[in-house]
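Open the model in your viewer and set it to cartoon, with side chains hidden for now. The stops below go from one helix to its packing partner and then to a second helix pair.

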Amino acid sequence: MWCSNYSVLLFLSWLLFACSTHQLRSYETQLLLQLRKHLEYPLPLSDWENHNNADFCDLFSSPHLTIKCENHSVTELRIMGDKPAKASSEFRGFAIPNLTSSQSFSIDSFITTLVRLSSLKVVALVSLGIWGPLPDKIHRLYLLEALDMSSNFLFGSIPCQMPSMPKLRTLSFDENYSNGSVPEWLDSWSNLTVLRLKNNRLNGEVPSAVSRITTLIELVLSHNFLTGKLPDLSKLSSLQLLDLRENSLDSGLPPLPKGLVNVFLSKNSFSGNILEQFVKLDKLQHLDLSNNHLSGTPPALIFSLPNISYLNLSSNTLGGSHPEHLKCGEGLSLIDLSDNKMVGQLPNCLADDRIVKISGNCFSTDASDQHSASYFKFVSKGEGRSRMREIVILAGVVAVVIILLLVSLMFICKRHQTQHAVAQHSGPKVKQDDPLSGISPDLLAAATSEVWNRCLPSYRVFTVPELKEATKNFDQSSFLGQGSFGKVYKGRLENGNLVVIRSLTLYRKCSIQNLKLRLDLLSKLRHPHLVALLGHCIDDGTQNDSTVRRLYLVQEFVPNGSFRSHRSENSPEKVLKWPERLAVVTDETEKPDDDVHNFGFILLESLVGPTIESGKGEAFLQNEMKSFSGQDGRRKIVEPIVLSTSPQESLSIVISITNKCISDEFSEWPSFEDVLWNLQYAAQVQATADADPDSASHQSFG
């Protein structure tokens with residue numbers, strides 16, 4: 001009995017001792033309260049003043065706040081704020097209201113207080129609006145194993161005293177404004193496993209020291225200004241994630257370690273062939289080499305890697321053909337080979353139940369999105385531009401030609417009349433209009449080349465009775481609206497095909513010869529992204545009407561309605577979910593016929609729904625975009641169908657690029673290539689989440 005009671009007493013004594021080890025020293029409690037004051041009382045710390053000095057280590061952890069203690073000292077401090085980072089082009093090294101801490105904030109005082117918590121092993125201070133250069137004294141946290149200060153407004157270089165933190169394993173400064181070069185002394189950290197410096201302003205070359213950090217598991221240096229040759233990383237045997245997207249690295253692809261799981265090297269200037277060594281990366285799941293200058297034929301075995309699920313080789317100059325019986329890995333679900341120079345038959349495995357993009361090649365298929373073999377004769381060997389830039393330029397050429405031609409159709413008669421009057425009053429004969437004036441031969445050649453051929457009916461000349469029959473004598477029931485270039489009607493031809501008929505008024509003194517030359521040119525324009533002209537009709541009217549003619553343009557009818565009509569809550573059965581909207585806006589970036597700023601409002605409408613029907617104007621929406629920084633704000637403005645069908649990361653990527661597009665500062669506007677890359681990445685995240693609904697990446701805002 002005594003023995004039993006003794007055991008109970010021992011247990012209680014041990015329990016009391018164990019509990020007492022987590023009680024925080026009064027000194028460290030005061031330090032935590034000072035940190036709260038330095039950070040200007042962020043929301044996650046709002047409950048601290050309700051706890052006495054012994055309670056800090058007993059606080060329940062949450063996604064926004066974690067405090068752990070050992071032996072009366074704080075060993076882990078994680079605070080997640082709600083202030084956006086990289087959300088404003090206004091940041092120039094000084095405080096910004098509602099984005100950073102106030103002008104009176106002192107990062108030096110804050111770090112001075114922080115390092116007095118000398119037992120800290122883990123520090124995560126994320127999205128708190130911390131701004132300024134990181135002080136050297138941060139190295140006094142000798143026991144620190146993990147430091148995460150992502151999504152703040154840190155600038156300047158990484159302190160050179162930091163190598164004196166021997167236990168550091170994780171360093172993350174993502175989404176800041178750090179500049180200068182990547183430090184050469186990185187290999188001083190013998191235990192470093194995670195190095196994340198994404199989306200900063202780092203420049204220069206990736207130092208060779210990186211190739212000597214053999215403990216690295218994650219290396220993320222994407223979205224910076226890094227240049228030059230990438231060092232040989234093949235000795236980093238523990239490396240699983242390599243992310244160097246959106247820099248200016250311009251060497252050949254380097255040898256890579258066999259243990260890699262995810263490789264993202266897109267949007268650089270890598271050139272040369274894809275090394276055969278890549279087919280030995282048998283753990284690889286995601287490989288993105290898009291938007292580079294890679295050439296040659298991709299190794300066939302890269303498609304059959306045992307764990308590969310995502311392969312993006314688009315927008316390079318890859319060529320050659322693949323065997324018809326090419327093998328694809330069982331898990332390979334998304335393949336993008338678009339905008340290259342690949343020829344021959346499409347391998348059978350690429351026609352299976354997979355998401356495969358092949359547009360802009362010369363594969364022998366019936367698809368209208370393949371170039372003819374002669375197309376690549378116009379592409380010089382070894383040129384330095386990306387294929388995506390060529391597509392954007394050519395699509396822009398077609399847009400310019402169409403606008404010039406339509407405008408010329410409207411005003412040619414007026415010019416003709418003016419010149420006729422000048423000739424009568426000035427005596428000398430005025431030179432006749434060049435029927436193709438204002439349009440360069442290069443533009444015309446590009447617009448009418450066989451690149452744009454499509455499987456469409458032959459161009460023809462219609463009669464007035466045919467068009468009257470097609471439109472029920474231009475009845476109001478056929479009227480679709482009136483645009484900048486005349487009234488528009490819907491019609492059905494004798495063969496049953498639906499068409500759109502545009503009616504334009506012309507002066508009778510219009511030169512028929514010039515008019516027909518322009519119509520002949522318009523008839524040759526064929527491109528998957530353009531509504532084609534199928535024919536025309538010139539109505540001379542009655543003899544009593546001696547001043548005008550009427551021109552009818554017969555165009556393709558697009559039956560599925562506009563993007564806006566598929567975002568309207570008035571037709572819930574037609575409302576597009578987020579993956580479908582994402583696919584539409586991604587496709588739209590390949591044909592910019594407008595500027596990137598206006599396209600930003602298309603992206604914005606894909607998030608918040610139609611603005612015209614809701615009475616919301618652009619100014620209102622720009623103001624509302626400030627709400628996107630927090631989840632509550634997003635729930636308020638983003639359409640419910642979008643929230644419920646989008647993973648957080650996918651939606652956040654699109655919101656970020658949309659903010660840049662609609663910025664008031666021209667210098668902050670991204671290129672269409674930037675927009676396309678972000679949308680493709682968002683689609684990739686979406687596809688990954690859809691493939692695994694139970695994964696963390698599938699967590700939505702809804």
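Select helix α15, residues 672-691. In this predicted model, α15 is mostly covered, with 15 of its 20 residues buried. Put a distance between its end C-alpha atoms: they are 28 Å apart, which agrees with the 28 Å that 20 residues should span at 1.5 Å a residue.

Next add helix α14, residues 648-661. The axes of α14 and α15 come within 8 Å and cross at roughly 165 degrees. Angles over 145 degrees count as roughly antiparallel, so α14 is roughly antiparallel to α15. The crossing is left-handed.

Now show side chains at this contact. On α14, pick E649, S650, I653, V654, I657 and C661. On α15, pick D674, V675, N678, L679, Y681, A682, V685 and Q686. Coloured by class, the contact of α14 with α15 shows 9 nonpolar, 3 polar and 2 charged residues.

Move on to the second pair: helix α2, residues 26-38, and helix α3, residues 107-114. How do the axes of α2 and α3 cross, and within what distance do they come? They come within 9 Å and cross at roughly 160 degrees, which makes α2 roughly antiparallel to α3. The crossing of α2 and α3 is left-handed.

For the side chains here, select L31, Q34, L35 and H38 of α2 together with S109, F110, T113 and L114 of α3. By class, the contact of α2 with α3 has 4 nonpolar and 4 polar residues, and no charged ones.

Terms used:
Residues are numbered from 1 along each chain as its sequence is written. This is a predicted model: local features need pLDDT of at least 70, side-chain atom pairs count only at pLDDT 80 or more; totals for chains, interfaces and linings use all residues. Side-chain values use heavy atoms; hydrogens and water are left out. Axes are lines fitted to C-alpha atoms, for helices over the stretch in contact, and angles run from 0 to 180 degrees between N-to-C directions. Helices (H or I, at least four residues) and strands (E, at least two) are DSSP runs, numbered from the N terminus. Angles under 35 degrees count as roughly parallel, over 145 as roughly antiparallel, 65 to 115 as roughly perpendicular and the rest as oblique. A crossing is left-handed if the near helix is turned anticlockwise from the far one by less than a right angle, and right-handed if clockwise. Contact means heavy atoms within 4.5 Å. Ala, Val, Leu, Ile, Met, Phe, Trp, Tyr, Cys and Pro count as nonpolar, Asp, Glu, Lys and Arg as charged, and the others, Gly among them, as polar. The expected span of a helix is 1.5 Å times one less than its number of residues. Buried means under 20% relative accessible area, exposed over 50%, partly exposed in between (1.4 Å probe, protein chains only).
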